[in-house]
Amino acid sequence: MTNSLDAPDVEALAKLIVDEGVVQHVDLNRVRFIRSFNARFRSYARIFGLSRPIREALKTNVCYVVEVNAELFDGLPSAEKIRVVIHELTHIPNGCNGSLRSHRSRSFRKNTHRKARVLAV
């Protein structure tokens, strides 16, 4: 069974990324960060967008949930954690309305790698 907890360390990392101007368009008040234990997914992290009907039903203004896989993410070096969080935040479009950007966008791939290099320096 998968267990999830809040991930304040990942949220602090995201705040650093936004404060440094690497990802400027994200309103972190609309993003929640959680850490999953015993997760079945094999990626370091993933992001979920919440549609307007779901947000209204839950009475929340949170539009996105970033979930990190504790077993994989926690063992990464700091620079790689930064890259993963930048990657997930780059999925959020300018409107922060619950929709997600696809990997297929050329600008998504280009900007994600460029942004990761800027903060790693």
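These questions and answers walk through a predicted model of a protein chain.

Me: What kind of model is this, and from which number are residues counted along each chain?
Reply: This is a predicted model, where local features need pLDDT of at least 70, side-chain atom pairs count only at pLDDT 80 or more, and totals for chains, interfaces and linings use all residues. Side-chain values use heavy atoms, with hydrogens and water left out, and residues along each chain, as its sequence is written, are numbered from 1.

Me: Which pattern of helices and strands does the protein chain follow along the sequence?
Reply: Helices (H or I, at least four residues) and strands (E, at least two) are DSSP runs, numbered from the N terminus. The protein chain has five helices and four strands. Read along the sequence, the pattern is β-α-β-β-α-β-α-α-α.

Me: What share of the residues in the protein chain is buried?
Reply: Buried means under 20% relative accessible area, exposed over 50%, and partly exposed in between (1.4 Å probe, protein chains only). The protein chain has 121 residues. The buried share of them is 41%.

Me: What share of the contacts with a separation of 6 or more comes from residues 24 or more positions apart?
Reply: A contact means heavy atoms within 4.5 Å. Among contacts in the protein chain with a separation of 6 or more, the share from residues 24 or more positions apart is 72%.

Me: Is arginine 35 buried or exposed?
Reply: Arginine 35 sits in strand β2, residues 31-37. Its relative accessible area is 9%. Because of that value, arginine 35 counts as buried.

Me: Which aspartates make side-chain polar contacts with arginine 35?
Reply: A polar contact is a pair of N or O atoms within 3.5 Å; within protein, one must be able to donate a hydrogen and the other to accept it, and residues adjacent in sequence count only if both atoms are side-chain atoms. One such contact of arginine 35 spans 2.8 Å, to aspartate 9. Another spans 3.1 Å, to aspartate 74.

Me: Where do the buried residues of α1 fall, seen down its axis?
Reply: Helix α1 covers residues 8-19. Its buried residues are Val10, Leu13, Ala14, Ile17 and Val18. Their arc, taken from the directions from the helix axis to the C-beta atoms, is within 140°, so they line one face of the helix.

Me: Which exposed residues does the face of α1 turned away from its buried side carry?
Reply: This face looks away from the buried side of α1. Its exposed residues are Pro8 and Asp19.

Me: How are α1 and α4 oriented to each other?
Reply: Axes are lines fitted to C-alpha atoms, for helices over the stretch in contact, and angles run from 0 to 180 degrees between N-to-C directions. Helices α1 and α4 (residues 78-90) pack at about 75°, with their axes 10 Å apart. Angles under 35 degrees count as roughly parallel, over 145 as roughly antiparallel, 65 to 115 as roughly perpendicular and the rest as oblique. The pair α1 and α4 is therefore roughly perpendicular.

Me: Which side chains make polar contacts with the side chain of glutamate 67?
Reply: Glutamate 67 lies in strand β4, residues 64-69. It is buried, at 7% relative accessibility. One polar contact, at 2.3 Å, reaches serine 36. Another, at 2.7 Å, reaches arginine 46.

Me: Which side chain makes a polar contact with the side chain of histidine 91?
Reply: Histidine 91 lies in the loop between α4 and α5 (106-120). It counts as buried, at 8% relative accessibility. The polar contact, at 3.3 Å, is with histidine 87.

How values were computed
Expected span 1.5 Å × (residues − 1).
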